[in-house]
Amino acid sequence: MRNYIVLGLLLVLASLTTPAYSALNIGSMAPNFVTQASLGGKVFTYSLADALKKGPVVLYFYPAAFTKGCTIEAHDFAEAIEKYHELGATVIGVSHDDIEKLNKFSVSECRNKFPVAADSDQSIMKLYDAILTAKPEYANRTSYLISPDGEIIYSYTDLQPDKHVENTLDALRKWKEKHKH
């Protein structure tokens with residue numbers, strides 16, 4: 001009996017210390033969404049379906065504009081944007097921030113290079129299982145690569161911002177190599 005109690009306690013402890021996230025599965029279809037976004041401080045209506053008509057999309061979720069990690073990640077995506085474009089892809093960031101805040105973030109931190117979208121009601125985050133478990137008012141730092149046909153071909157979740165660009169570019173290169181015409 002005592003062994004079962006110890007085992008039960010160990011399982012509970014393990015569940016508390018294991019990072020919890022549940023990104024959408026590779027091979028599943030990316031949920032479509034339409035929302036307000038900002039590019040270079042200008043608001044427009046962003047449609048994932050329309051973006052996919054132009055090529056693959058890197059959709060990344062981040063907790064909050066102007067926080068340390070999110071600023072680092074935005075700078076990294078801005079610096080790499082030409083590499084994404086050379087591979088035929090576009091990038092969009094999504095957070096719970098309102099569009100006014102994102103207008104500023106798109107200029108200063110995204111450097112007018114890619115749009116960031118407002119998800120104030122967290123509907124997009126919920127569709128993509130990108131809610132930060134520890135603080136559910138924020139998005140988890142999750143990056144998806146979505147093929148032009150809407151299939152999720154890569155996902156990566158890590159609160160550290162430093163590998164999202166490298167990993168999505170690598171996944172994009174691999175996908176591109178497999179889909180040469």
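Me: What is the relative accessible area of Asp170?

Reply: This is a predicted model: local features need pLDDT of at least 70, side-chain atom pairs count only at pLDDT 80 or more, and totals for chains, interfaces and linings use all residues. Residues are numbered from 1 along each chain as its sequence is written, and side-chain values use heavy atoms, leaving out hydrogens and water. Buried means under 20% relative accessible area, exposed over 50%, and partly exposed in between (1.4 Å probe, protein chains only). Asp170 is partly exposed, and its relative accessible area is 35%.

Me: Which residue forms a salt bridge with Asp170?

Reply: A salt bridge is a side-chain nitrogen of Lys or Arg within 4 Å of a carboxyl oxygen of Asp or Glu. Here the closest N and O atoms are 3.1 Å apart. The partner is exposed, with a relative accessible area of 52%. Asp170 forms this salt bridge with Lys174.

Me: What separates Asp170 and Lys174 along helix α6?

Reply: Helices (H or I, at least four residues) and strands (E, at least two) are DSSP runs, numbered from the N terminus. Asp170 and Lys174 are four residues apart in α6, so the separation is about one helical turn.

Me: How many Å does α6 reach from its first C-alpha to its last?

Reply: Helix α6 covers residues 164–178, 15 residues in total. The expected span is 1.5 Å times one less than the number of residues. The reach is close to that expected value, at 21 Å.

Me: Which elements do the buried residues of α6 pack against?

Reply: The buried residues of α6 include Leu169, Leu172 and Trp175. Contact means heavy atoms within 4.5 Å. The buried residues pack against β3 (57–61), α3 (68–86), β6 (142–146) and β7 (152–157).

Me: Which strands are the edge strands of the sheet?

Reply: Two strands pair if DSSP finds at least two bridges between them. The open sheet has seven strands with mixed pairing, in the order β2-β1-β5-β4-β3-β6-β7. An edge strand pairs on one side only, and the edge strands are β2 (42–47) and β7.

Me: Which residue stands opposite Ile146?

Reply: Strands β6 and β7 run antiparallel, joined by five bridges. Opposite Ile146, in β7, stands Ile152.

Me: What is the angle between the planes of Phe61 and Tyr128?

Reply: Rings of Phe, Tyr and Trp (its six-membered ring) pair if their centres lie within 6.5 Å; planes under 30 degrees apart count as stacked, over 60 as edge-to-face and the rest as tilted. The structure holds twelve aromatic pairs. Phe61 and Tyr128 are 5.6 Å apart, centre to centre. This pair is tilted, with an angle between the planes of 45°.

Me: How many residues apart in sequence are the parts that Phe61 and Tyr128 tie together?

Reply: Phe61 is buried, with a relative accessible area of 0%. Tyr128 is buried too, also with a relative accessible area of 0%. Phe61 lies in strand β3 and Tyr128 in the loop between α5 (123–127) and β6, so the pair ties together parts whose separation in residues is 67.

Me: Which residue forms a salt bridge with Arg141?

Reply: The whole structure holds six salt bridges. In this one, the closest N and O atoms are 2.6 Å apart. Arg141 and its partner are both buried. The salt bridge joins Arg141 to Glu73.
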